[in-house]
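Reader: I'm used to gels and assays rather than coordinates. Could you walk me through how to read the features of a structure like this one?

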Amino acid sequence: TGMNGFSTLILNAMFISSEQSNVISQSELICSHQPIVALAGDDVILPCRLEPAISARTVEWTKPGLDPKYIHIHEKGLEHWIQNPSYNFRTRVFVDELEQGNVSMKIFSVKLSDEGKYRCYIHSVQEEAFIHLSVGSVSSPVIKVTANTSRTLVLQCESKGWHPEPELLWLDGEGKLLSAGRTKTIRGPDDLYTVRGRVTVEKRHSNNFTCRVQQKIINQSRETQIHVPGRNLSDCPVKNEPTGRPSERLL
């Protein structure tokens with residue numbers, strides 16, 4: 001009877017081990033197929049998970065092309081600080097959720113240089129997946145009057161500190177696009193863009209004009225509105241009102 005009980009224990013252990021092996025072999029590493037977008041200075045999560053969920057004891061995040069390539073390594077409950085210096089103290093994995101298959105990585109205070117493709121590798125299932133991070137930078141445009149005649153005004157709009165390169169648009173009071181001169185774009189040594197554009201408007205009647213700067217890759221837009229008095233109010237000051245909001249998104 002003792003031997004039979006021992007044999008049963010062995011068979012049960014083998015069965016459980018076999019079941020665990022099947023789950024591990026069937027588990028797939030899934031990361032976001034869509035680029036993750038963040039603004040410089042924000043915190044961002046690169047979402048990845050094991051499905052079906054199994055415990056991930058070793059999680060390895062790297063950035064191909066970077067030297068050293070290691071961004072974050074977690075192994076058997078310990079963080080290994082074999083890490084590219086530019087990411088020091090700026091990354092973490094969700095240790096309490098590793099048993100549920102959450103192998104996402106969080107990056108704190110994102111920099112423009114963090115942009116690019118990341119690789120997540122899970123040793124237990126020998127699975128890898130890639131995810132792309134796009135990093136942007138935005139600022140509200142400023143409008144000023146550069147020429148003022150009895151009939152027309154020349155408005156200039158400038159916005160500094162954008163990434164990637166944005167486009168500049170002029171809109172009338174009804175939200176329709178205005179025909180304007182060519183936008184001047186300057187790329188600075190910090191990889192940030194400044195855009196500047198002008199438009200000539202008539203003082204036929206009191207109206208509002210908007211300068212909108214937008215970047216479709218990071219889905220961001222900022223705009224400033226200016227009020228232009230009618231011809232009989234040509235001596236009145238021009239009102240310049242920023243209307244861009246940090247949470248604003250393109251439609």
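Author: Sure, let's start with the nonpolar cores. The largest one has 28 residues, and Trp-61, Val-103 and Tyr-118 have the most contacts inside it. Keep in mind that this is a predicted model.

Reader: Which elements give two or more residues to this core?

Author: There are several strands to look at: β1 (28–31), β2 (36–39), β3 (44–46), β4 (48–51), β5 (58–62), β9 (105–107), β10 (116–122) and β11 (127–136). The largest share comes from β11, with four residues. A second core, separate from this one, has 16 residues, including Ile-143, Leu-155, Trp-170 and Val-213.

Reader: What's the general idea behind looking for such cores?

Author: In soluble globular proteins, nonpolar side chains tend to be buried together. For the protein here, buried residues make up 39% of the 251 residues.

Reader: Let's zoom in, then. What is Val-103 in contact with, leaving aside its neighbours within four places in sequence?

Author: Here's the list: Leu-29, Cys-48, Arg-49, Leu-50, Ala-56, Val-59, Trp-61, Leu-98, Cys-120 and Ile-122. Two of those are handy to follow up, Leu-29 and Val-59.

Reader: Okay, Leu-29. Is Leu-29 buried or exposed?

Author: Leu-29 has 6% relative accessibility, so it counts as buried; the cut-off for buried is under 20%. Leu-29 sits in strand β1. Not counting residues up to four places away in sequence, Leu-29 touches Val-103, Cys-120, Ile-122 and Glu-128, among others. Take Ile-122: it is 93 residues from Leu-29 in sequence, yet their C-alpha atoms are 7.8 Å apart in space.

Reader: And where is Val-59 found?

Author: Val-59 is in strand β5. Val-59 counts as buried because its relative accessibility is 0%. Leaving aside neighbours within four places in sequence, its contacts include His-72, Ile-73, His-74, Val-103 and Cys-120. The C-alpha atoms of Val-59 and Glu-75 are separated by 6.5 Å, with their positions 16 residues apart along the chain.

Reader: How do I put a number on contacts between distant positions for the protein as a whole?

Author: Take the contacts with a separation of 6 or more: residues 24 or more positions apart account for 58% of them. As for secondary structure, the protein comes to one helix and 19 strands.

Reader: On to aromatic rings. How is a pair of aromatic rings described?

Author: By the distance of the centres and the angle of the planes. The structure holds one aromatic pair. Tyr-87 and Tyr-118 form it, edge-to-face, at 6.4 Å centre to centre with 90° between the planes.

Reader: What does the pair tie together?

Author: Tyr-87 lies in the loop between β7 (78–80) and β8 (91–93), whereas Tyr-118 is in strand β10, so the pair ties together parts that are 31 residues apart in sequence. Both tyrosines, Tyr-87 and Tyr-118, are buried.

Reader: Which residue lies over the face of Tyr-87?

Author: That's Arg-90, at 5.1 Å from the ring centre. You can look for a similar arrangement with a lysine: the charged end of Lys-117 sits over the ring of Phe-130, 4.9 Å from its centre.

Reader: Now charge against charge. How many salt bridges does the structure hold?

Author: First the general idea: side chains of opposite charge can pair when their charged atoms come close. The structure holds nine salt bridges. One of them joins Glu-60 and Arg-119 at 3.5 Å, N to O. This pair links distant parts of the chain, with Glu-60 in strand β5 and Arg-119 in strand β10, 59 residues apart.

Reader: Are Glu-60 and Arg-119 buried or exposed?

Author: Both Glu-60 and Arg-119 are buried. Glu-60, Arg-119 and Glu-128 are also linked in a network of salt bridges.

Reader: What other salt bridges could I look up?

Author: Try Glu-51 and Arg-49, whose side chains meet at 2.6 Å, N to O. Glu-51 counts as partly exposed because its relative accessibility is 39%, and Arg-49 is partly exposed too, with a relative accessible area of 40%. Then there's Arg-196 with Glu-158, at 2.6 Å, N to O. That pair links distant parts of the chain: Arg-196 is in strand β16 (residues 193–202) and Glu-158 in strand β13 (residues 152–162), 38 residues apart.

Notes
Residues numbered from 1 in each chain as written. Predicted model: local features only at pLDDT ≥ 70, side-chain atom pairs only at ≥ 80, totals over all residues. Heavy atoms only, no water. Core = buried A, V, L, I, M, F, W, Y, C linked by side-chain atoms within 4.5 Å. Buried < 20%, exposed > 50% of the residue type's maximum accessible area, 1.4 Å probe, protein only. Contact = heavy atoms within 4.5 Å. Phe/Tyr/Trp six-rings, centres within 6.5 Å; stacked < 30°, edge-to-face > 60°. Lys NZ or Arg CZ within 6 Å of the ring centre and 35° of its normal. Salt bridge = Lys/Arg side-chain N within 4 Å of Asp/Glu carboxyl O.
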